[in-house]
Structure formats: structure tokens, C-alpha cells
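Colleague: I should like to discuss this model with you step by step. May I put some questions to you about its loops, strands and helices?

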Amino acid sequence: ATRSLLRLILAEHPVRTGTGEPLRRRPVAFRSRPHGKPELAASTPLAFSFSYAGEAAIIALTWTGPIGVDLEAPRKITLSPQRRMALCTNARDAGLIATAEASVALQDDVAFLKVWTRLEALAKARGDGIGAVLEELGVRPAPEGGARSGTKPSTGIVRGLELRLVEVPAPWQAAVATPPDT
């Protein structure tokens, strides 16, 4: 359903391929990047990201580079206290969230989802998945059994992207990762 909505949006705007041909004159096709992130099959600088949770969806579009968006419905978070602590502490240490926000997110599920949506949006913009972001934060074992949990997080995790919360009706949470000044 989200891809259908994206097709409708693209049909209403003069999106052009690298050859200058309007996309709306032919079916909008998608392909997947190596880690599964969808992109337009036609050569165009337009980047998009979408997320859905339950009956709601969010779509983000940009001409300026990679983009990632995440939407989360309110729910009880079932992470162990140790993993939740590692995620919030390491996200703080990597400069992704403020100290006060990390403290609140340890106890409050809505605050935790604010943190989580930024991590998911970052992973989508980077195109390498949430597992890679969690690994760089030091809260997921590295591939092939190499334990990284508890290691110092990478400060280069953001890779030139800006993370922002998106205003959506409470208690839903959403965030977007874009190049600066987008």
C-alpha cells in the first residue's frame, strides 16, 4: 500500500530520469539495494523513504541525497534493562541524543521510541540496516560471533546526516535522517 501511495505522489510531480524522461509517462518501478532498501529503478536524484506502523504510514522525499524515515506506534518496549541501558547510553555517547533524553528513555517507552525512531531513520538513510547501526553503537554482536556489546560506540555513525524528530499525533513517534539543511 505504501509503494502504491508513493506511485501516486510521483505521478503528480514532474520527476525525471537521468535521460530527462518524465517518470509519470511509464510505470514507476522500484528495485532493492543490497540491504533491501527500495529505490526508484529509473536513474534519478530523487531519494525516498517510507515507514508504516499499523494503519499509518509516512513518506519522505528529497532531491539532495539519502533519506530515511521511521514511524512507530505506541507500544510496550520488551528489551532487557541491560540492552536498553546499553542502547541509550551508547546513543548518547555517539552524540545521537542528549544526556537527559537518554536518562528518560531508560524508564519511559514513549521516550525510548523517540530514540529508536532516530536510529531506524539513520539506518534507512545509510541503507545498511538497523543491525549495522546497532553494531556500530556496540549493542549488537558483530558478524561471525565477534562480541561487540559494551564497546565504545563509533562517533562517525551519523555519516554526515542530520537526525530530527517529525511531528506526528501523540503518542506516535517519527524521525527523519537527511543531509544537513534539507
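**A loop, a sheet and a helix**

Modeller: Let us begin with proline 171, which lies in the loop between strand 6 and strand 7. Please bear in mind throughout that the model is predicted.

Colleague: Which residue does a cis peptide bond join to proline 171?

Modeller: The peptide bond in question has an omega of about 5°. It is a cis bond, and the residue joined through it to proline 171 is alanine 170.

Colleague: What is the order of the strands in the open sheet?

Modeller: The sheet has 3 strands with antiparallel pairing. Strand 5 and strand 6 stand at the edges, each with a single partner strand, so one side of each has no neighbour in the sheet. From strand 5 to strand 7 there are 5 bridges, and 5 bridges also join strand 6 to strand 7. The order is therefore 5-7-6.

Colleague: Which residue of strand 7 is the bridge partner of valine 69?

Modeller: Strand 7 covers residues 173-178. One of its residues is the bridge partner of arginine 164. That residue is also the partner of valine 69, namely valine 176.

Colleague: Which residues of strand 5 point the other way from Gly68, Asp70 and Glu72?

Modeller: In a regular strand, side chains alternate between the two faces of the sheet. In strand 5, 5 of the 5 residues are buried, whichever way they point. Opposite to Gly68, Asp70 and Glu72 point Val69 and Leu71.

Colleague: Is glutamate 72 buried or exposed?

Modeller: Glutamate 72 belongs to strand 5, residues 68-72. Among the residues that it touches are Leu113, Trp116 and Trp172. Because a relative accessible area under 20% counts as buried, and that of glutamate 72 is 11%, this residue is buried.

Colleague: With which side chain does glutamate 72 make a polar contact of 2.6 Å?

Modeller: The contact joins two side chains. One belongs to glutamate 72, and its partner is arginine 75.

Colleague: How far apart are the end C-alpha atoms of helix 4?

Modeller: Helix 4 comprises 18 residues, 109-126. At 1.5 Å a residue, the helix should span 26 Å. The model agrees with this expectation, because the end C-alpha atoms are apart by 25 Å.

Colleague: Why is helix 4 described as largely enclosed by the rest of the structure?

Modeller: Helix 4 lies across strand 5, strand 6 and strand 7, and runs at about 150° to strand 5. The description rests on burial, because the number of its 18 residues that are buried is 15.

Colleague: Which residue at the start of helix 4 offers a side-chain oxygen to the backbone nitrogen of valine 110?

Modeller: At the other end, helix 4 is followed by glycine 127, whose phi is positive, near 80°. At the start, the side-chain oxygen reaches to within 3.3 Å of the nitrogen of valine 110. That oxygen belongs to aspartate 108.

Colleague: Where does pLDDT stay under 50?

Modeller: The mean pLDDT of the protein chain is 82. Confidence is highest in strand 5, at 97. Where pLDDT is low, the predicted coordinates should not be read in detail. The stretch under 50 is residues 145-150.

Terms used:
Residues numbered from 1 in each chain as written. Predicted model: local features only at pLDDT ≥ 70, side-chain atom pairs only at ≥ 80, totals over all residues. Heavy atoms only, no water. Helix = DSSP H or I, 4+ residues; strand = E, 2+ residues; numbered from the N terminus. Expected span 1.5 Å × (residues − 1). Buried < 20%, exposed > 50% of the residue type's maximum accessible area, 1.4 Å probe, protein only. Polar contact = N/O pair within 3.5 Å; in protein donor to acceptor, adjacent residues only side chain to side chain. Contact = heavy atoms within 4.5 Å. Pairing = 2+ DSSP bridges. Axes fitted to C-alpha atoms, helices over the stretch in contact; angles between N-to-C directions. pLDDT = per-residue confidence, 0-100. Lists of a residue's contacts leave out its neighbours within four places in sequence.
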